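Student: Can we go through this protein together? I'd like to know what the labels rest on.
Tutor: Sure, ask away.

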Amino acid sequence: MYPYTFIQLTDSNTFFGHEIVLFHDFSLASLMFILTAVLLMFKALKKKKFVVLAYKGSNMLEFLWTFFPVFILISIGLPSLYLMYLLEGSFKGDLTFKVVGHQWYWSYEGGDFCDFDMSSYMIPSEDLVEGQFRLLEVDNTMVLPYSTNIRLMITSYDVIHSWTLPSLKMKVDAVPGRLNTMNIFSFQPGSFYGQCSEICGLLHSFMPIHVEFVNWETFLNNVTEESFN
């Protein structure tokens, strides 16, 4: 474990997640620069060292205090637009899956290889076995192949939900009557957990998400089993 992990973002397993962490660090550094400049200005005002007798004006000073704010806004805005295009752009994925939010469970649909439709409910605490996580385990896990460009289409059947995987830096609103797209890619196999992040009713806290990335052989076997169930 890295030191000071309690004040840092968790490591991501996706390319998009690494970009988000870098953008977060860059934005935080820019804000610290602005805060430092403002504090130094107030310190100078307090000591009254800013008074210059016979001061008339400076074109260079006016240029600088106009240029630096514009430069900071552009340096933050361009990476932000780049990330939005990467995360929500309509890239052609190798696989496409549909995620539907219900009160209070998730359902998953796929049709690239074998048509399947499965519902994913939370496993009650009394049915958990040793090693499983409370409020995070589901009866049907969404299995995806790693090192594959996957496009998710997220919607809702009833009210607004939010399909969220913090470990992958993903959060997509599930809105009734609308399809929101999101690209997902994992560097390596593993299991990732999440929950609904939009208050959607009485059992909002009992809508866990479990995504498992496996190799292609295991993925095809799992899809075949789901299509025949």
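Student: Why is lysine 169 called buried?
Tutor: Buried means under 20% relative accessible area, exposed means over 50%, and partly exposed is in between (1.4 Å probe, protein chains only). Lysine 169 has a relative accessible area of 18%, so it counts as buried. Keep in mind that this is a predicted model, where local features need pLDDT of at least 70, side-chain atom pairs count only at pLDDT 80 or more, and totals for chains, interfaces and linings use all residues. Residues are numbered from 1 along each chain as its sequence is written, and side-chain values use heavy atoms, with hydrogens and water left out.

Student: Where does lysine 169 lie, and what is its phi near?
Tutor: Lysine 169 is in the loop between strand S6 (161–165) and strand S7 (170–174). Helices (H or I, at least four residues) and strands (E, at least two) are DSSP runs, numbered from the N terminus. Its phi is near 55 degrees, a positive value in a residue other than glycine. Leucine 135, found in the loop between S3 and S4, also has a positive phi, near 70 degrees.

Student: What makes those worth pointing out?
Tutor: Most residues other than glycine have a negative phi, and most peptide bonds are trans. On the peptide side, the bond from glutamine 103 to tryptophan 104 is cis, with omega near 0 degrees. Tryptophan 104 sits in the loop between S1 and S2.

Student: How many aromatic pairs turn up in the whole structure?
Tutor: A search finds 9. Rings of Phe, Tyr and Trp (its six-membered ring) pair if their centres lie within 6.5 Å; planes under 30 degrees apart count as stacked, over 60 as edge-to-face and the rest as tilted.

Student: What makes phenylalanine 97 and phenylalanine 219 an edge-to-face pair?
Tutor: Their centres are 6.2 Å apart and there are 85 degrees between the planes. Set against the limits of within 6.5 Å and over 60 degrees, that is a pair, and an edge-to-face one. The pair links distant parts of the chain: phenylalanine 97 is in strand S1 (residues 95–102) and phenylalanine 219 in helix H3 (residues 216–228), 122 residues apart.

Student: How do you know whether those two are buried or exposed?
Tutor: Same cut-off as before. Phenylalanine 97 has a relative accessible area of 4%, so it is buried, and phenylalanine 219, at 1%, counts as buried too.

Student: And why is the pair of tyrosine 105 and tyrosine 121 called stacked?
Tutor: The rings are 4.4 Å apart, centre to centre, with 25 degrees between the planes. That is under 30 degrees, so the pair counts as stacked. Tyrosine 105, at 17%, is buried, whereas tyrosine 121, at 38%, is partly exposed.

Student: Which residues form one aromatic cluster?
Tutor: Phe63, Phe67, Phe68 and Phe71.

Student: How do you know what the transmembrane region covers?
Tutor: That comes from the UniProt annotation (unreviewed entry), which gives residues 20–42 and 63–87. UniProt positions are in the numbering used here, feature names are shortened, and annotations may be inferred rather than shown by experiment. In the model, residues 20–42 are 100% helix, with end C-alpha atoms 33 Å apart. Residues 63–87 are 100% helix as well, and their end C-alpha atoms lie 36 Å apart.
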